[in-house]
Amino acid sequence: MKIGLLTTFSAMVEHYSLTGVVLDQAKMIHHAGHQPVLLAMENFEWDACPDWLEVRAGMPIFTKIDYQTIEDVTTDHKGVAERTAAWLMFSCGDLPVILTHDILHTGWNLPINMAVHRAAARMETYWLHWVHSIPGNGKRDYWKLPVNGKLVYPN
């Protein structure tokens, strides 16, 4: 079975703890006899990518803004959400499971959060949303679980 790992990575930076988590998950998926598929930004680079890891780099590049509310999302970022949702539906329909990383609760990934909501409503995919970071200052209006999704808190 192919299993997706959705990130907003443009590179695999060794000193960033989240890349280590994603790489460990990919290794576990591979060692269990499944095919890990890394879903990343369209400018993703990784010279040391193992040959057993499929990379689908197609998520639109965008400037990150730490949004506090969904009402503040710019027109440009709404377009990023639409393009990302289309990319997910077109490129990831063969993935029965996708693990996301820091997509749902972080304001700087809100356009991708919006894309996941749109795509999840139209795909027959099960989504496991890894929560590594939750910003403070109260609950955000975009903290909603997409269709066919479950939250995972590894901490």
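# Working through a predicted fold

In α1 of this predicted model, the buried residues are Leu-18, Thr-19, Val-22, Gln-25, Ala-26 and Ile-29. Keep that list handy for the first exercise.

## Exercise 1: the two sides of α1

Work out how the buried residues of α1 are arranged around its axis, and what they pack against.

**Solution.**

Step 1. Begin with the buried set: Leu-18, Thr-19, Val-22, Gln-25, Ala-26 and Ile-29. Around the axis they take up an arc of only 125°, which means they sit on the same side of α1.

Step 2. Now flip to the other side of α1, where you'll find Ser-17, Met-28 and His-31 exposed.

Step 3. Look at the partners. The buried residues of α1 pack against four strands: β1 (2-6), β2 (35-41), β4 (97-101) and β5 (126-130).

Step 4. Check the length. α1 runs over residues 17-31, and its 15 residues reach 21 Å from first C-alpha to last, close to the 21 Å expected at 1.5 Å a residue. After the helix comes Gly-33, with a positive phi near 90°.

## Exercise 2: repeat it for α2

Compare the end-to-end span of α2 with the expected one, then find its buried face.

**Solution.**

Step 1. With 17 residues at 1.5 Å each, α2 should span 24 Å, and its end C-alpha atoms are indeed 24 Å apart.

Step 2. List what is buried in α2: His-77, Val-80, Ala-81, Thr-84, Ala-85, Trp-87 and Leu-88. Looking down the axis, these fall within an arc of 165°, so they line one face of the helix.

Step 3. The face turned away from that buried side carries Thr-75, Asp-76 and Phe-90, which are exposed.

Step 4. Ask what does the covering. Over the buried residues of α2 you'll find, among others, β1, β2, β3, α3 and β5.

## Exercise 3: is α3 enclosed or open?

Decide from burial whether helix α3 (residues 110-120) is enclosed by the rest of the structure or left open.

**Solution.**

Step 1. Go along the helix and pick out the buried residues: Leu-110, Pro-111, Ile-112, Asn-113, Met-114, Ala-115, Val-116, Ala-119 and Ala-120.

Step 2. That makes 9 of the 11 residues, so α3 is largely enclosed by the rest of the structure.

Step 3. For the neighbours, the buried residues of α3 pack against β1, β3 (54-59), α2 (75-91) and β5.

## Exercise 4: Ala-40 and Phe-44

Place Ala-40 and Phe-44 in the fold, and say what each one touches.

**Solution.**

Step 1. Ala-40 belongs to strand β2. Its relative accessibility is 0%, so it counts as buried.

Step 2. Leaving out residues up to four places away in sequence, Ala-40 touches Thr-7, Phe-9, Arg-56, Ala-57, Gly-58, Met-59 and Trp-87.

Step 3. Phe-44 lies in the loop between β2 and β3. At 13% relative accessibility, under the 20% cut-off, Phe-44 is buried too.

Step 4. With the sequence neighbours up to four places away again set aside, Phe-44 touches Phe-9, Ser-10, Ala-11, Met-12, Leu-38, Val-55 and Ala-57.

Step 5. Add some distances. Ala-40 and Pro-50 are 10 residues apart along the chain, with 15 Å between their C-alpha atoms. Phe-44 and Ala-121 are 77 residues apart in sequence, and their C-alpha atoms are 27 Å apart.

## Exercise 5: positive phi without glycine

Take Asp-102 and Asn-148, find where they sit, and say how exposed each one is.

**Solution.**

Step 1. Asp-102 isn't a glycine, yet its phi is positive at about 55°. You'll find Asp-102 in the loop between β4 and α3, and at 7% relative accessibility it counts as buried.

Step 2. Asn-148 also has a positive phi, near 60°. Asn-148 sits in the loop between β5 and β6 (149-152), and its 39% relative accessibility makes it partly exposed.

## Exercise 6: empty space

Find which residues line the largest cavity and which lie closest to the centre of the largest pocket.

**Solution.**

Step 1. The count gives 1 cavity of 30 Å³ or more, and the largest cavity has a volume of about 30 Å³.

Step 2. Its lining consists of Asp-102, Ile-103, Leu-104, His-105, His-129, Trp-130, Val-131 and Ser-133. Sorted by class, that is 4 nonpolar, 3 polar and 1 charged.

Step 3. The largest pocket has a volume of about 170 Å³. Of its 13 lining residues, Thr-8, Phe-9, Tyr-16, Leu-18 and Lys-64 are the closest to the centre.

Step 4. By class, the pocket lining splits into 6 nonpolar, 5 polar and 2 charged residues.

Key:
Residues are numbered from 1 along each chain as its sequence is written. This is a predicted model: local features need pLDDT of at least 70, side-chain atom pairs count only at pLDDT 80 or more; totals for chains, interfaces and linings use all residues. Side-chain values use heavy atoms; hydrogens and water are left out. Helices (H or I, at least four residues) and strands (E, at least two) are DSSP runs, numbered from the N terminus. The expected span of a helix is 1.5 Å times one less than its number of residues. Buried means under 20% relative accessible area, exposed over 50%, partly exposed in between (1.4 Å probe, protein chains only). The arc is that of the directions from the helix axis to the C-beta atoms. Contact means heavy atoms within 4.5 Å. On a 1 Å grid over the protein atoms alone, a cavity is a set of points where a 1.4 Å probe fits but cannot get out, and a pocket is an open set with protein on both sides within 12 Å along at least five of seven lines; lining residues have an atom within 4 Å of a point. Grid points are joined across faces, edges and corners, and a volume is the space filled by probe spheres set on the points. Ala, Val, Leu, Ile, Met, Phe, Trp, Tyr, Cys and Pro count as nonpolar, Asp, Glu, Lys and Arg as charged, and the others, Gly among them, as polar.
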